[in-house]
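Subject: A structure for you to look at

Hello,

Here is the structure I promised to pass on. Please have a look at it, and then read my notes below.

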Amino acid sequence: MIADIADLLVSATFWAATLRIATPYILGTLGELVCERAGVLNLGIEGIMTLGAMAGWMAVHQGADLWTGVLIAALAGAVLGSLHAVLTVPLGLSQHVTGIGVTLLGTSLSYYVYRMVLPQVTTPPTIEPFQPFAIPVLSDIPVIGPALFSQTPLTYVALAAVAVVAWVLYRTPIGLAVRMVGENPAAAEAQGINVTAVRMGAVICGSALMAVGGAFLTLSAFNAFFFNMINGRGWICIALVVFASWRPGKALLGAVLFAAFDALQLRLQQIVGPALPYQVFLMLPYLLSILALVLMSRRAAYPRALMIPFRKGERH
Amino acid sequence: MWFEPRPLPSAALRVLAPIAAVIAALALCAALIAWTGTSVAQAYVLLFQGSLGSRFALAETLTRATPLMLTGLAAAVAFRAKLWNIGAEGQLYAGALIAVMLGGGMVDLPVWALLPAALIGGALAGSALLIGPTVLKTGFGVDEVVTTLLLNFVTLLFVSMMLEGALKDPMGMGWPQSAPVLPEAELPRLIERSRLHAGLIIALLAAVALWIMNTRTTWGYEIKAVGANQAAAAFAGIPVNWVMLKVAILSGGLAGLAGASEIAGTRGYLTLDLSPGFGYSGIVVAMLAQLHPLGVVVASIFVAAIFVGADAMSRTVAVPNYIAEVLVAVSLLCVLVSAFLVRFRVRRTAARTS
């Protein structure tokens with residue numbers, strides 16, 4: 001069995017699967033990270049990912065092309081994200097409860113719209129999803145080529161998003177503003193930064209990223225929309241943000257590690273067979289996330305103003 | 001636009017605000033109903049008739065309200081201490097699992113002890129499931145929102161494993177469901193030919209007990225103090241971690257009791273669709289009630305009426321019954337905004353000095 005696993009870990013198909021599984025986690029974790037860096041916890045992630053998955057798929061099902069579907073998913077995420085932003089930033093409502101509300105709304109609205117457009121379907125209708133796109137030259141490298149460079153386009157988008165978010169956060173004035181309002185909004189305000197605008201912008205952009213993560217599931221990984229499709233992926237992203245210490249590079253690492261574990265768990269199920277109930281394997285990713293949280297929370301460097309609403313002229 | 005705190009919101013305002021919020025939610029969802037081409041008035045009339053319009057409908061609504069009342073209280077007591085227990089769904093299933101094991105006679109108990117054992121055992125199972133995240137929060141600073149949420153998935157998978165393994169009913173035709181509890185472990189019916197059971201009485205008593213605890217006891221005061229300002233509470237000599245643990249036992253216990261009472265009251269056996277999200281809806285119930293235990297009673301009946309009424313409505317007109325979930329979610333958001341407007345006045349210009 002050890003030899004089986006060792007073989008698996010050097011096989012290109014395993015890493016290709018890992019990267020595929022990781023894609024929604026990479027996008028979701030990045031989105032949540034952007035929100036939290038600006039000081040806003042976004043528990044709406046689960047609902048925003050569901051809405052992204054539904055909206056993107058529905059657009060394509062109604063005749064739009066795949067990239068338009070991705071754009072519509074991002075827009076839907078941004079709209080739901082702006083609701084979270086308005087309630088938590090200018091109004092300063094509890095970010096926990098608002099986030100739960102946004103998740104409930106995103107999920108139920110997705111199901112409602114899906115059922116309204118497709119009232120009587122027994123088997124979910126399908127679309128033609130994104131096909132793997134082999135990058136010329138690079139995909140010919142042995143092992144690494146098929147694993148890294150023969151993915152579907154949205155996986156490349158996710159990897160590019162890591163670089164873009166990292167660059168914006170650490171190398172641009174906008175990124176500095178985002179980090180400042182998440183650490184010390186009063187100081188940011190004194191510098192002439194519009195705290196409300198920056199925070200809202202971060203939440204809206206982050207939510208759009210999450211929604212694209214959801215859309216990956218319906219437009220790339222599968223070709224249909226199912227109820228309970230997100231299945232806790234959003235919550236795991238929130239754990240991954242803590243694991244990543246709010247850094248984009250580490251978020252990528254965390255998402256890939258998590259996905260590798262998930263892929264391994266799938267193969268282990270096949271190797272071990274019915275000796276252990278399959279639910280044990282399905283539990284492992286959730287338990288692993290909790291364990292990662294416990295290990296990382298001790299030295300977690302939370303953005304200092306996370307979950308603290310900012311009102312102009314009020315002292316903290 | 002500026003928000004200026006109201007010095008002392010009037011009692012009328014505080015009672016009227018949630019009602020106004022619910023009306024706003026109904027108005028917002030009217031757009032979704034109109035989109036299907038159905039008459040909004042007809043849809044809402046059907047919803048009302050299907051939930052409160054007849055003796056049968058009312059009994060069904062109260063049956064639905066029973067677990068919501070308990071999970072609503074679970075959220076209300078925890079949120080009051082700012083312990084963000086989002087794991088009521090998992091705690092409910094843990095309670096149901098233990099209840100079905102004890103009520104099914106897995107442990108040799110005298111007949112009279114079966115029902116109390118199932119209910120208390122179920123409550124304790126719920127408590128046990130929340131103690132872990134609470135200790136991780138107070139001891140290690142691990143955010144309880146994520147841990148309780150993730151434990152919901154773990155618990156559901158564990159229940160699924162038990163239903164396909166040790167607890168699988170040999171007479172269940174291969175379905176993943178447990179054997180039913182013994183007749184002595186069932187809660188008595190309150191109304192003949194309806195599903196309404198004595199779990200409602202338990203839930204009502206729990207609400208009154210919590211209200212007395214909140215207003216008349218040291219525990220209630222300590223919980224409020226910890227929720228309002230942890231540092232100040234600690235400075236005043238309140239053992240914050242211990243209070244958190246007590247809250248966790250109470251909150252998890254109430255959610256576990258919801259599961260146990262569903263087993264002993266309605267189904268008798270356990271399946272994976274025992275709860276259509278009672279744990280998550282409990283959060284909405286608690287917020288609609290502004291965390292007030294007696295308000296939870298009213299709010300749970302309201303939420304149950306929407307679910308029962310929407311089911312009835314969707315059988316007549318072409319509105320998917322998911323409208324219930326949308327309505328509940330929109331109500332939650334509207335109530336949050338209305339609570340804000342109770343605390344703050346909206347001003348066009350800044351106040352001169354404050």
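A cavity here is a set of points, on a 1 Å grid over the protein atoms alone, where a 1.4 Å probe fits but cannot get out; points are joined across faces, edges and corners, and the volume is the space filled by probe spheres set on them. This is a predicted model, in which local features need pLDDT of at least 70 and side-chain atom pairs 80 or more, while totals for chains, interfaces and linings use all residues. Residues are numbered from 1 along each chain as its sequence is written, chains are lettered from A in the order written, and side-chain values use heavy atoms, without hydrogens or water.

The count is 1 cavity of 30 Å³ or more, and the largest has a volume of about 30 Å³. Its lining residues (an atom within 4 Å of a point) include B:Gly103, B:Leu119 and B:Ile263. The largest share of that lining, 3 residues, comes from α10(B); helices are DSSP runs of H or I, at least four residues, numbered from the N terminus. By type, the lining has 8 nonpolar residues, 1 polar and no charged, with Ala, Val, Leu, Ile, Met, Phe, Trp, Tyr, Cys and Pro as nonpolar, Asp, Glu, Lys and Arg as charged, and the others, Gly among them, as polar.

Now to two loops. A:Ile141 sits between α5 (95-117) and α6 (144-148) of chain A, and is partly exposed at 35% relative accessible area (from 20% to 50%, 1.4 Å probe, protein chains only). B:Gly165 lies between α6 (144-164) and α7 (199-216) of chain B, and is partly exposed at 39%.

Best wishes

Technical notes: 1 Å grid on protein atoms, 1.4 Å probe; cavity = no way out; pocket = protein on both sides within 12 Å on 5 of 7 lines; lining within 4 Å.
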